[in-house]
Amino acid sequence: MQKKISSIPFQGTPEQEAQLKEVIARHKDDPGAVMPVLQEAQDIYGYLPIEVQTMIAEGLSVPVDEVYGVSTFYSQFALSPKGKYNVSVCLGTACYVKGSGDVLNKLSEELGIEAEECTNDGQFSLTACRCIGACGLAPVITINDDVYGRLTTDQIPAIIAKYKEA
């Protein structure tokens, strides 16, 4: 599954940039610094836009494609911002066989975004993930820490409405 780069404009603050520069300076001479710097950068920004990846590459004197390669290889890194409510759809085998692809399509339709995107108001993000370990409840989605199982596409509008009203 290929990660999408965010279509939402980057809005980093000077404070965040100062924090990132501090992190880079702390790791500048460490071999293999890209991974820990990316982890701390994601903690600072919430995701890893190309602007942040470029700052990391320049600060560590490594090619930007190396930083991009690490950030796209590991599933812990996000290239697009997460919404207040992160909706994650399990596409593991059990969930997929029981219709999670249709659930993902319905969520995409309901939210007006594709997988790995965030709504313009920042309320919802949609993520497709591999097995979350709740195969007995297939198909499963999570919204932040809430788990919804044995879903049908008909249930999606009511579930999303609950969060829109919150």
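Here, a residue is exposed when its relative accessible area is over 50% and buried when that area is under 20%, with partly exposed in between. The views below all come from a predicted model.

**View A. The two sides of helix 4.** With those cut-offs in hand, take a look at helix 4, which spans residues 64-73. Its buried residues are Val67, Val70 and Ser71. They share one side of helix 4, because the arc they cover around the axis is only 95°. On the face turned away from this buried side sit the exposed residues Asp65 and Phe73. Helix 2 and helix 3 (50-60) are included in what covers the buried residues of helix 4.

**View B. An open sheet of five strands.** Follow the strands across this sheet and you read the order 2-3-1-4-5, with mixed pairing. Strand 2 (117-118) and strand 5 (146-148) are the edge strands, each pairing on one side only. In general, the strands of a sheet pair through backbone hydrogen bonds, in either a parallel or an antiparallel way. Both senses can be found here: strand 1 and strand 3 pair in the parallel sense, while strand 4 and strand 5 pair in the antiparallel sense.

**View C. Strand 1 and its two partners.** Strand 1 covers residues 85-90, and five of its six residues are buried. Towards strand 3 (residues 124-129), the parallel pairing runs over six bridges. Cys90 stands opposite Cys129 of strand 3. Towards strand 4 (residues 141-143), strand 1 pairs in the antiparallel sense over three bridges. On that side, Val87 stands opposite Ile143.

**View D. Strand 4, with Thr142 in focus.** Strand 4 has an antiparallel pairing with strand 5 over three bridges, and there Ile141 has Tyr148 as its bridge partner. Thr142 also belongs to strand 4. Is Thr142 buried or exposed? It counts as buried, because its relative accessibility is 16%, which falls under the 20% cut-off. Beyond its neighbours within four places in sequence, Thr142 is in contact with Asn86, Val87, Ser88, Ile132 and Val147.

**View E. Two helices lying across the strands.** Helix 6 lies across strand 1, strand 3 and strand 4. Its direction is at about 155° to that of strand 1. Helix 7 lies across strand 1, strand 3, strand 4 and strand 5, and runs at about 160° to strand 5.

**View F. The largest nonpolar core and a second one.** The largest nonpolar core has 21 residues. Which residues have the most contacts inside it? They are Val87, Leu107, Ile141, Ile143 and Ile160. Strand 1, helix 6, strand 3, strand 4 and helix 7 (156-165) are the elements that give two or more residues to this core. For a closer look, pick Leu107: leaving aside neighbours within four places in sequence, its contacts are Val87, Val89, Leu126, Ile141, Ile156 and Ile160. Apart from this core lies another of 20 residues, with Val23, Ala33, Val37 and Met55 among them.

**View G. A salt bridge inside helix 1.** The whole structure has three salt bridges, and this view shows the one between Lys21 and Glu17. Their closest N and O atoms are 3.3 Å apart. Both residues lie in helix 1 (residues 14-27), where their spacing of four residues is about one turn of the helix. Glu17 counts as partly exposed because its relative accessibility is 31%.

**View H. A salt bridge from helix 1 to helix 2.** Arg26 and Glu40 join their side chains in a salt bridge, with 2.4 Å from N to O. Arg26 lies in helix 1 and Glu40 in helix 2 (residues 34-45), so this pair ties together parts that are 14 residues apart in sequence. Both ends count as partly exposed: Arg26 has a relative accessibility of 47%, and Glu40 has 24%.

**View I. A salt bridge inside helix 6.** Glu109 and Lys106 form a salt bridge whose closest N and O atoms are 3.4 Å apart. The two are separated by about one helical turn, because they sit three residues apart in helix 6 (residues 100-111). Glu109 is exposed, with a relative accessible area of 58%.

Key:
Residues are numbered from 1 along each chain as its sequence is written. This is a predicted model: local features need pLDDT of at least 70, side-chain atom pairs count only at pLDDT 80 or more; totals for chains, interfaces and linings use all residues. Side-chain values use heavy atoms; hydrogens and water are left out. Buried means under 20% relative accessible area, exposed over 50%, partly exposed in between (1.4 Å probe, protein chains only). Two strands pair if DSSP finds at least two bridges between them. A salt bridge is a side-chain nitrogen of Lys or Arg within 4 Å of a carboxyl oxygen of Asp or Glu. The arc is that of the directions from the helix axis to the C-beta atoms. Contact means heavy atoms within 4.5 Å. A nonpolar core is a set of buried Ala, Val, Leu, Ile, Met, Phe, Trp, Tyr and Cys residues joined through side-chain atoms within 4.5 Å. Axes are lines fitted to C-alpha atoms, for helices over the stretch in contact, and angles run from 0 to 180 degrees between N-to-C directions.
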